[in-house]
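Colleague: Could you show me how to read the way a helix packs against its neighbours?

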Amino acid sequence: MQDYEIHPDFETLHVENGMLRAELAALHEEYEHINRFLIPSTKTAYLIQIGALRVDLLQSQTAVRKIRRKIAILRENIAAHKYSDTDEIEQTLTEEFRQWDERLRYELSEIESAKARFSSLCPNEDMEEIRSIYRMLSRKLNPEVNDEQSDEAKSFWPSVQTAYVWNDLFQLKALLMMSEDYPESYELPNDIGSMRRTHATLKEKVERARSKIRSARQHPAFEWRKLLDAPEELTREQSRLREEIAKARIQKTALEDMLRSLELKNAHGA
């Protein structure tokens, strides 16, 4: 009969394992939220509010550098009494500024992608409900959280992940209703050894999940978020960038006047 007695530590372990599963499900959801939503949405907002201005500044500064380089080439050739072929100069500039132009194209494509994503961002109230349901489903069906769940129950997990990625609140609610047929665990109340092993495994998984979140939070998006959440600082940065853009454009206009003068000299020298 001794073999069938419930160990006195069972209740404590049962409660603690439940708490660990809930924490692991929450950590799993937080990690997914950071990588699938928080970082992309923050990047989108940052690109639209700051990135677009930075690209505008980069365009203006690149144009200034190209004109300066063109002026330098013309001056060198004029001093050497050498005619400057326009096509040759343009080819030289194309080669010298290839990396700058590639960077600009990439930055511009990022801005366009951000604008396209902005219209599809999920409302905050829906996102909170999606996150809450996902945590509940993760506690039950995620094999990483509840590996004692039945294979039939686990088979729902890919559908949960797909619905979460696509912000499909309706599908998540439907899956939550379907999951009510499955308990959270199949732990045997008199198997204390298994309970202890589960407890140790869950603690390790929780620590690994915390570590992954700490690493994820090193992403620049968390610094961008601080700026986006500080209206006065954000406005100052936007104003600074606009001032730099204005200065670069004024400089570009002055250099273009100088360039035209040199091009006339070059043409007359021919």
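What follows is a conversation about one helix and its surroundings.

Modeller: This is a predicted model, in which local features need pLDDT of at least 70 and side-chain atom pairs count only at pLDDT 80 or more, while totals for chains, interfaces and linings use all residues. Residues are numbered from 1 along each chain as its sequence is written, and side-chain values use heavy atoms, with hydrogens and water left out.

Colleague: Which residues of helix α7 are buried?

Modeller: An α-helix has 3.6 residues a turn, so residues three or four places apart point the same way. In α7 (residues 169-179; helices are DSSP runs of H or I, at least four residues, numbered from the N terminus), the buried ones are Leu169, Leu172, Leu175 and Ser179, where buried means under 20% relative accessible area and exposed over 50%, with a 1.4 Å probe and protein chains only. Seen down the axis, these residues fall within an arc of 120° (taken from the directions from the helix axis to the C-beta atoms), so they line one face of α7. The face turned away from that buried side carries exposed Phe170 and Met177.

Colleague: What covers the buried residues of α7?

Modeller: The cover includes α4 (124-141) and α6 (157-165), judged by contact, meaning heavy atoms within 4.5 Å. Among the α4 residues that meet α7 are Ile133, Leu137 and Leu141. Leu137 itself touches Trp157, Val160, Leu172 and Ser179, among others, not counting residues up to four places away in sequence.

Colleague: What is the handedness of the crossing of α4 and α7?

Modeller: The crossing is left-handed, meaning that the near helix is turned anticlockwise from the far one by less than a right angle.

How values were computed: Helix = DSSP H or I, 4+ residues; strand = E, 2+ residues; numbered from the N terminus.
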